[in-house]
Amino acid sequence: MIDQARLSAVEDLLHEAVWLPAVNDRGELRRAAGLTQQQVASAVGVGRVQVARWETGAAEPRGIRRKAYSHLLKSLIHRSAAPTSP
């Protein structure tokens with residue numbers, strides 16, 4: 001049986017984790033939403049080339065930019081999965 005302290009530590013770790021979709025899906029999500037790399041870059045606070053590097057896996061976002069980029073991509077996933085009204 002897992003003790004409460006370990007379970008709490010795991011929950012804390014999950015709360016801190018900043019998930020990103022697979023590299024191959026990042027650009028696809030952006031394009032499906034009709035966004036340019038420049039628009040994403042401006043919103044997240046980096047240059048367009050940096051977004052291109054994140055989409056190809058040449059680099060990974062860190063810190064607050066990772067959180068912002070993750071939030072954007074998760075929101076795009078949720079919006080694409082939401083049912084459309086007739």
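Which residues does R30 touch, not counting residues up to four places away in sequence? In this predicted model, R30 lies in helix 2, and its contacts are L35, T36, Q37, V40, E55 and L76. With a relative accessible area of 8%, R30 falls under the 20% cut-off and therefore counts as buried.

One of these contacts, L76, leads to helix 5, where L76 is a buried residue together with Y69, S70 and L73. These residues cover an arc of only 125 degrees around the axis, so they sit on the same side of helix 5. The general geometry fits this kind of pattern: an α-helix has 3.6 residues a turn, so residues three or four places apart point the same way. On the other side of helix 5, the exposed residues are I64, H71, H78 and R79. The cover over the buried residues of helix 5 includes helix 2 (23-32), helix 3 (37-44) and helix 4 (48-56).

The length of helix 5 can be checked as well. Its 19 residues, 63-81, should span 27 Å at 1.5 Å a residue, and the end C-alpha atoms are 27 Å apart, so the two values agree.

Y69 also takes part in the 1 aromatic pair that the structure holds. Its partner is W54, and the pair is tilted, with 4.7 Å centre to centre and 45 degrees between the planes. The pair links distant parts of the chain, since W54 belongs to helix 4 and Y69 to helix 5, 15 residues apart. Both W54 and Y69 are buried.

Methods: Residues are numbered from 1 along each chain as its sequence is written. This is a predicted model: local features need pLDDT of at least 70, side-chain atom pairs count only at pLDDT 80 or more; totals for chains, interfaces and linings use all residues. Side-chain values use heavy atoms; hydrogens and water are left out. Helices (H or I, at least four residues) and strands (E, at least two) are DSSP runs, numbered from the N terminus. The expected span of a helix is 1.5 Å times one less than its number of residues. Buried means under 20% relative accessible area, exposed over 50%, partly exposed in between (1.4 Å probe, protein chains only). The arc is that of the directions from the helix axis to the C-beta atoms. Contact means heavy atoms within 4.5 Å. Rings of Phe, Tyr and Trp (its six-membered ring) pair if their centres lie within 6.5 Å; planes under 30 degrees apart count as stacked, over 60 as edge-to-face and the rest as tilted.
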